[in-house]
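Biologist: Please take me through the geometry of this model, stating the cut-offs as you go.

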Amino acid sequence: MSESTEKKMVRLRSSDGEVFEVEESVAKVAKTLQDMLEEDCADAVIPITCVRAPILTKVIDYCKDQVMISSSSSTTNNPNERTEQERKAWGQKFMEGVDSSTLCELLVASNFLNIEGLLNLGVDKMVSMIQGKYPQEIRDMFNVVNDFTPEEEEEIRNQNAWAFERDPYYKKRSSSK
Amino acid sequence: MIPSKRQAVLVNKPTDISSLNDDLMVEILGRLSLKPLYISKCVSKRWYGLIATSPLGKPTGKSAGLFVYDQTGKWGYSSVAPTDQFEEDLKKALDVNLRFLPFSPNVMVMGGSKGLLLCVHGRDHWLNFYVCNPLTKKWLEVPMPNNVNGGLKHSVTLDFEPKVSPHFKIIRYLHKCSTDPRRYGRPVYSMELEVFSSQTGRWIKNRVLHGPRATCSISQEISLNGSVYKLVNPLYIIAYHFRGNSIRVEEIQLPTAVTRASYGCIGEHGGRLYYSYWDHTVSIIWVLLDVRTRLWHMQHVMSFKSFSAVADRDLGKDKWKTVMFHPVAFLSDNEIVFLEESGGAVVYNCEEVRFRRMRIAMPYNVTETRFKVFSFTPCLVDPAKLLRPNYREPRQN
C-alpha cells in the first residue's frame, strides 16, 4: 500500500447506533481507542457500547481540541498554545451548562475510553457541584436515594456536628434556594 | 463497512451517579475539602462507606501536620500551615490529645503511620496495643501478642498505607539470632518478628533472614508503599517488604554515610523515599528513584555557609543557633523540619530557599534527640471496622 498523505479516518458507533467519522489522530486521544487501533482492528466500525451519541459528540469535541493544541505546539510562536490560566478557563467553558446526569455520562465515557484530561475536568466539575451543599441538596442533584434511617443520619451528623454548623457561606447557599 | 451482526446495545438505563464505579467516586470525594466531605458522609450508605474506607488528603498530597513522640510516650502535634481552610476545619475535627481513648490521659504514643496512631495504656501495659484515628475518634484494642517475654519495649512499628491496603500491620522486632553457619556456609543472621495484621486479626511469628546489620533498636522509620524502612546509621536503610504473609528484608546503602558529626533523616513524599544528609559544611537531599536498582538521585545541595545566611535572614541573626540541625521529617519533597531546643520547630524549604517557624505543642522541651516524628496524613478510616467480623468487638463506649 502506498503512503497516502490523506488522513486516515476511524469510525465510531455510539450505543444508540449513530456512526461518527473522525480522524485517527482525534480518536487516538482516547487511550482505549489508541490501543485498539495499534492492535490493528481498524477498518470496521468501533462500537462504543456505553456512550450515547450526544455524549460521544462532546467527547469528540474535546479530543479534536486536544489534537489542535498538540499538533501546533511543535512549532514556535504557537498561537494555539495556552497558558495555565487559559487552559483552566477553557475547561470551565467546556463544562459550562453540563447538568449532573450528562456529567455522569461524560465521566463514565472518559473513564471507559481512558481520556485522562477529560476525566479530570469532569471530576473537578463534580467537586464544584458538591462543594457547599447540604446532604439533601446533593441527593436531589444526583438522584441519590437516602438509605439511612433518620436515627442513623442523626448519629452521623452528631459525630461531626461542627461540619454542619451554618457558616455565612453555607447560609447564603441554602437561603437562596 | 458496518458489520452485519449488530453489537449488543446496553439497555438505556438513565445514567446517574450510581453508575460511577468506586474508583471514580473516590477520586471525586478525595478532592473535596474536609467540610463538604463530612457533609457528604450523610448522603447515602454508599457515600458513607466510600468516605470511611478511603484515604483522604489534601489535593496537593501534603501532610497535614506532624506528630512528635519520644520513648516515654509523650507526644505533641503541630499543623503545618494553620492558614488555609483545610487546616482550620481539621483543627476542629482532630483530637490530637487523644481524649477519646478510654484510658486517657494515661496514654503513651508508640508509633504512627499516615492517619493512624499506635498507643498503649500507660507503661504498665506496654503490650496492650491500641490503634486509633484522631480524626474519626475511633479506636481498636489489639489482642495481646503471643510472645510477651521477647522484644524490646520500643521496637514496634505501625504500618498503614491506605494506597496499598485498607489494613494495618503492627510489627514487633523480637530478637536477633545468628543461624548455624554450617547450614549456609557463612554466618547468616536472622531476626524474629511478630506481626499483627488487621486482615487476619492475629499475631504471626516470622523469622526473616537479615543482613549483619539487623537491629532491634529504636531508629527512624517510615512506612511507604507496603514496606517499612528503618534508618540504621551510619550507612544503611533496612527495608522490610511485606507481601501477604511473607516478609523480605533488604539493605539499601545510603548515598552518603552518616557519621558522628553529621545527621540524616528519611522521609517520604509522593510515594518516594527521601534521604536528607546534614553536616557542618553541606546539606544534601537525595531521592530513591528505584528501590530495586537502588538508584539515588541528588535532589538538592546547599553549602552550610549560604544556609546560615538564610537562617540569619529568616529566623533572626544568631537566633537560629538554638535550632538543632538534625532533620526530623519531610513535609513535601523539598521541605524539611528541624526541631529547636525550646520545643519549637522550623521548616526549611529547599526550593524557595527560606525558613519558617511552626508551632509544635510539645508538653515539654525537646532536649534529647531520641524522639521520632511522623507526618500525619488524615484519613477517615475506622480501625475498629478493619478486623474480620468473627473477631470479638472490643468494648466501645
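Biologist: With which residue does A:Arg157 form a salt bridge?

Modeller: This is a predicted model, in which local features need pLDDT of at least 70, side-chain atom pairs count only at pLDDT 80 or more, and totals for chains, interfaces and linings use all residues, while side-chain values use heavy atoms and leave out hydrogens and water. A salt bridge is taken as a side-chain nitrogen of Lys or Arg within 4 Å of a carboxyl oxygen of Asp or Glu. With its closest N and O atoms 3.5 Å apart, the pair joins A:Arg157 to A:Glu153.

Biologist: In which helix do A:Arg157 and A:Glu153 both lie?

Modeller: Residues are numbered from 1 along each chain as its sequence is written, and chains are lettered from A and ligands numbered from 1 in the order in which they are written. Helices (H or I, at least four residues) and strands (E, at least two) are DSSP runs, numbered from the N terminus. The two residues are four apart, about one turn of the helix, and that helix is α8 of chain A.

Biologist: How many residues does each chain give to the contact, and how much area do chain A and chain B bury between them?

Modeller: With contact meaning heavy atoms within 4.5 Å, chain A contributes 49 residues and chain B 36 residues. Buried area is the accessible area (1.4 Å probe) that two parts lose on being put together, summed over both. Of that area, 66% lies on carbon and sulfur atoms, and the total is about 3800 Å².

Biologist: Which residue of chain A meets B:Lys45 in a salt bridge, and which helix gives the most to the side of chain A that touches chain B?

Modeller: The count of salt bridges between the two chains is two, and in one of them, at 3.9 Å from N to O, B:Lys45 meets A:Glu152. The elements that give two or more residues to that side of chain A include β1 (9–13), α5 (100–113), α6 (116–130) and α8 (150–159). The most, seven residues, comes from α6(A).

Biologist: What is the strand order of the open sheet of four strands in chain B, and why is one side of each edge strand left without a neighbour?

Modeller: Two strands pair if DSSP finds at least two bridges between them, and β16 (272–278) and β17 (282–290), which run antiparallel, are joined by six, with B:Tyr277 opposite B:Ile284. The order, with antiparallel pairing, is β15-β16-β17-β18. Because β15 (263–269) and β18 (295–303) each have a single partner strand, one side of each lacks a neighbour, and these are the edges.

Biologist: At what angle does helix α6 of chain B run to β18(B)?

Modeller: Axes are lines fitted to C-alpha atoms, for helices over the stretch in contact, and angles run from 0 to 180 degrees between N-to-C directions. Helix α6 (residues 304–315) of chain B lies across β16, β17 and β18, and its angle to β18(B) is about 60 degrees.

Biologist: What is the omega of the cis peptide bond between B:Ser104 and B:Pro105, and what is the phi of A:Asn143?

Modeller: Most residues other than glycine have a negative phi, and most peptide bonds are trans. B:Pro105 sits in the loop between α4 (85–93) and β3 (107–113) of chain B, and the cis bond that joins B:Ser104 to B:Pro105 has an omega of about 5 degrees. A:Asn143 lies in the loop between α7 and α8 of chain A, and although A:Asn143 is not a glycine, its phi is positive, at about 55 degrees.
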